[in-house]
Structures are given as structure tokens and as C-alpha cells.
Amino acid sequence: MERLVFALGLCLAIIQTIIANPVEVNNINQLQNAKKSKHIILKNVVVPAGVSLDLTGLQPGTVVEFDGVTKFGYKEWKGPLIKTQGSGITIRGRNGHLIDCEGRRWWDGKGGNGGKTKPQFFHIVLTDSKIEHLNVKNIPVHGFAINGKNIYIAYVRIDNLDGRTQGGHNTDGFDVANAENIRITNCYVDNQDDCLALNSGKNILFEYNICKGGHGISIAPWGRSFDEVRDVRVIGCQVLDSRVGIRVKTGADARGIVKNVTYDNIVLQNIRVSGIIVHGNYRNTGQMGKPTAGVPIEDLTINNVRGNVLKDGTNIQIYVADGMARNWKWSQINVNGGTRKVECGGKPNNVHVQCG
Ligand SMILES: *[C@@H]1O[C@H](CO)[C@@H](O)[C@H](O)[C@H]1NC(C)=O
């Protein structure tokens, strides 16, 4: 009997050790086996060219930690460099870690529109999961693509500053689509495209993030399918040295709806082209032609947005098709410095801002 108890105890102790002790992966070949553990440390992993760091097939409740420097081989391919799918997953970085994509190997100023085929960075399809404290440098093109439900993203740093002088383009920070209950908080993005591009989803909170160098914080339903963006709050963010501050851009000829979006307490600094812009004629190649009427923008609240646009830019532009702006509430808007004149249209009578 005593022996049996002892043996059982020993088994339990071993099982506990297996569960509690993280499995360290130094070589990507060890990853598949490490997925038996619920705590994986990726330490100084070099991901071979042309394959994804595959964080799918994890058990619910798994914690994956990045440690040391993570690097990727070079190949022209679509990526993603990292992918994950699952539920109850935590992905985080340890102190001092870096995920260094060395994007300059692909950058050619053309981003996703041509030139070299560039790998996207990180495809995320998760439920009930967290991504925290990641330190990312120099993504080749699009950053975090986020799909799923109940995802908390905090203290993620995307530093693509080098792309500004070395040909970075379309280096979006967070692309969110088909998503529900997403909170992105306390992140820092220095890049060359949207800081947030929200294509479709509901109950999205984007708060206390700093966006630098890029194209600002965008609500962007622009697909041909019916894109719905609703119940969104962008709060307490700063947009610095960027092309655009905040915007709602609905695609030319797109169909969908934008409903219940609030921007509150936003600081803009040195915006080059548009401080605040809401327009219904977005194309990948820029704003073109008359706004189209497929995407009503309802219950758009913009409150307490302040800061400066550079002289060659426009403070505020509203250019939507007649009747698309419904029940907007804009208040405490103090954006100035821009002198460029642009065409406005569809501004509701109760919105008292100087347009264009
Ligand atoms: C608007 O969205 C917020 C969440 O962003 C939500 O709390 C609120 O209930 C929504 N309002 C309506 C009228 O649905």
C-alpha cells in the first residue's frame, strides 16, 4: 500500500513537473513536440525561409513566450511569418526579447502593391486569448491580422521606423476583420500605413495606443461583401508625425455599414495630409472620384480631438454621399494648422466644423 501511494505520488510529481516546466524550443524542429506542453518558450529561434512559425494546434490554456531574438530566413513569399489559431492561448514576450523581421530585405517602396512578394507578419485566429508584451521590429508588409473573438492585446510594440527611409510600405500595425470583443491597449506602432485598419467587426476597443509615422487610426470597411463595423471605441490615443490622424474610409462601391463608432480624447501632432477625414470614395490607390452610397455611417461620435496639421494639409474633410451621414455627434474639435483646400460633401447640418 505504502509503495502504491509512493508510486502514485511520484507519478503526480512527474506530471506536475511536465506541466509546470516550460519546454524550451531553440530550433523550429522541436516545436511540434513542444506542443504537448502548455508552456512553450521560443528562445533565439531562427525560422527557416518560406515557412511560418506555426503556433496552431496548441492545447487550450497554452502559454507561448518569446525569448531572445527571433529571426526569419529570406524568401519572396506571402507568409505569414508567424501564425496562430486556437482558444485560451497566451502569447507574450519575455523581458529583452525581440522579434526582428529584418524587413529591409524585402522593402522596395511598393509594399503589397507590387515589386517583391513580401511575407505578412502574423496571422491570428483566436478566441479567449491574449497577446502581450511583444517587441517587433521591421515587418516586411502587413503586421498583425486579427480575426476572432475575445482577444486582448496589450503592450505590443511595432517599431518599423527604419521603413521610413528604407522603403517600408503597407506596413499596417493591426488589421482587424471578422472580429468581436477585441481590446487593443497600450501599444506603440511606428510604421508606414494604418496603425489600426478595422475592416469588419463589433465591440472593438482601441485605447491608449501611440501611432507614429503611419496613416493613422482607420475604420475601413471597403470590401465587396457586406462589411459591418459597429460598436467601436477609440479612446486616449495619440497620432504623431503621420499622414492622417483619424479617419473613416469606406470603399468606393463597397457595401456595408458603420454604426456606433466613437473617437474620444485623441491627440494629433504634425499630421501631413488630413487631421480628421471621413470619406466614401476610398481606393487602394487613394481617394478617387465621387463618394458612393453603399455604406451608411451612423452614430459617429467624435469628441475632444485636438492638435495640429502641417501647413500643406487639411484639418478636416468630410466627403460622403448625400444621406450617408446619420446621427453624428461631433464636439470639442480643435484641429488646426492645415491650409490645403479640398472638396467636401454630405456633412450633416449639426456638425459644426470647418470642412475642407
Ligand atoms: C455602442 O458601442 C459601445 C461599445 O463600443 C456599447 O457599449 C454601446 O452599448 C453601443 N451603443 C448602442 C446604442 O448599441
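**Strand pairing, cysteines and a ligand site**

Colleagues, let me begin with one pair of residues: Ile277 has Gln317, in strand S27, as its bridge partner. Please bear in mind throughout that this is a predicted model.

That pair belongs to the contact between S24 and S27, the latter covering residues 314-319. The two strands run parallel and are joined by five bridges. S24 also pairs with strand S22, residues 244-251, again in the parallel sense, and here there are six bridges. In this second pairing, Lys249 stands opposite His279 of S24. How many of the ten residues of S24 are buried? Nine of them are, so this strand, residues 274-283, is largely enclosed by the rest of the structure.

Let me turn to an earlier part of the chain. Strand S10, residues 122-132, pairs with strand S12, residues 144-154, in the parallel sense over ten bridges. His123 stands opposite Ala145 of S12. S12 is in turn joined to strand S14, residues 174-185, by nine bridges, and these two strands also run parallel. Within S14, the residue bridged to Lys149 is Glu180.

As background to the backbone, most residues other than glycine have a negative phi, and most peptide bonds are trans. Three places deserve attention in that light.

The peptide bond between Gly79 and Pro80 is cis, with omega at about 5°. Pro80 sits in the loop between strand S6, residues 69-72, and strand S7, residues 82-87.

Asp128, although not a glycine, has a positive phi of about 50°. This residue lies in strand S10, which I mentioned a moment ago in its pairing with S12. Is Asp128 buried, partly exposed or exposed? Its relative accessible area is 47%, so Asp128 is partly exposed.

Asn270 is not a glycine either, and it too has a positive phi of about 50°. Asn270 is found in strand S23, residues 255-271. Its relative accessibility is 28%, and Asn270 therefore counts as partly exposed.

I now come to the cysteines. The count comes to two disulfides. One of them joins Cys195 and Cys211, whose sulfur atoms are 2.2 Å apart. The angle about the S-S bond is -65°, and this link is left-handed. Where do the two partners lie? Cys195 is in the loop between strand S15, residues 188-190, and strand S16, residues 196-198, whereas Cys211 is in strand S18, residues 210-212. The pair thus links distant parts of the chain, 16 residues apart. Cys195 is buried, at 1% relative accessibility, and Cys211 is likewise buried at 1%.

The other disulfide joins Cys344 to Cys355, with an S to S distance of 2.0 Å. With -90° about the S-S bond, this link is left-handed as well. Cys344 and Cys355 both lie in the segment after strand S29, residues 329-336, so the pair ties together parts that are eleven residues apart in sequence. Cys344 is partly exposed, with a relative accessible area of 28%. Cys355, at 18%, is buried, because burial means under 20%.

Numbered in sequence order, the bonded cysteines pair as 1-2, 3-4. Cys187 is in no disulfide, and the nearest cysteine sulfur, that of Cys195, is 8.5 Å away. At 3% relative accessibility, Cys187 is buried. Cys237 is also in no disulfide; for this residue the nearest cysteine sulfur belongs to Cys211, at 6.0 Å. Cys237 is buried, with a relative accessible area of 1%.

Finally, the ligand. Which residues surround it? They are Asn203, Asp231, Val232, Arg233 and Asn260. Strand S20, residues 226-235, supplies the largest share of this shell, three residues. By class, the shell has one nonpolar, two polar and two charged residues.

Oxygen atoms of the ligand are placed close to polar atoms of the protein in three cases I would like to list. A ligand oxygen is 2.4 Å from an N or O atom in the side chain of Asn260. For the side chain of Arg233, the distance from a ligand oxygen to an N or O atom is 3.3 Å. At Asp231 the partner is a polar backbone atom, which is 3.3 Å from an oxygen of the ligand. On its own the ligand has 360 Å² of accessible area, and the protein covers 42% of that.

Notes
Residues numbered from 1 in each chain as written. Predicted model: local features only at pLDDT ≥ 70, side-chain atom pairs only at ≥ 80, totals over all residues. Heavy atoms only, no water. Near = heavy atom within 4 Å. Polar contact = N/O pair within 3.5 Å; in protein donor to acceptor, adjacent residues only side chain to side chain. Areas by Shrake-Rupley, 256 points an atom, 1.4 Å probe, with all protein chains shown as cover. Helix = DSSP H or I, 4+ residues; strand = E, 2+ residues; numbered from the N terminus. Nonpolar A, V, L, I, M, F, W, Y, C, P; charged D, E, K, R; others polar. Buried < 20%, exposed > 50% of the residue type's maximum accessible area, 1.4 Å probe, protein only. Pairing = 2+ DSSP bridges. Disulfide = S-S within 2.5 Å.
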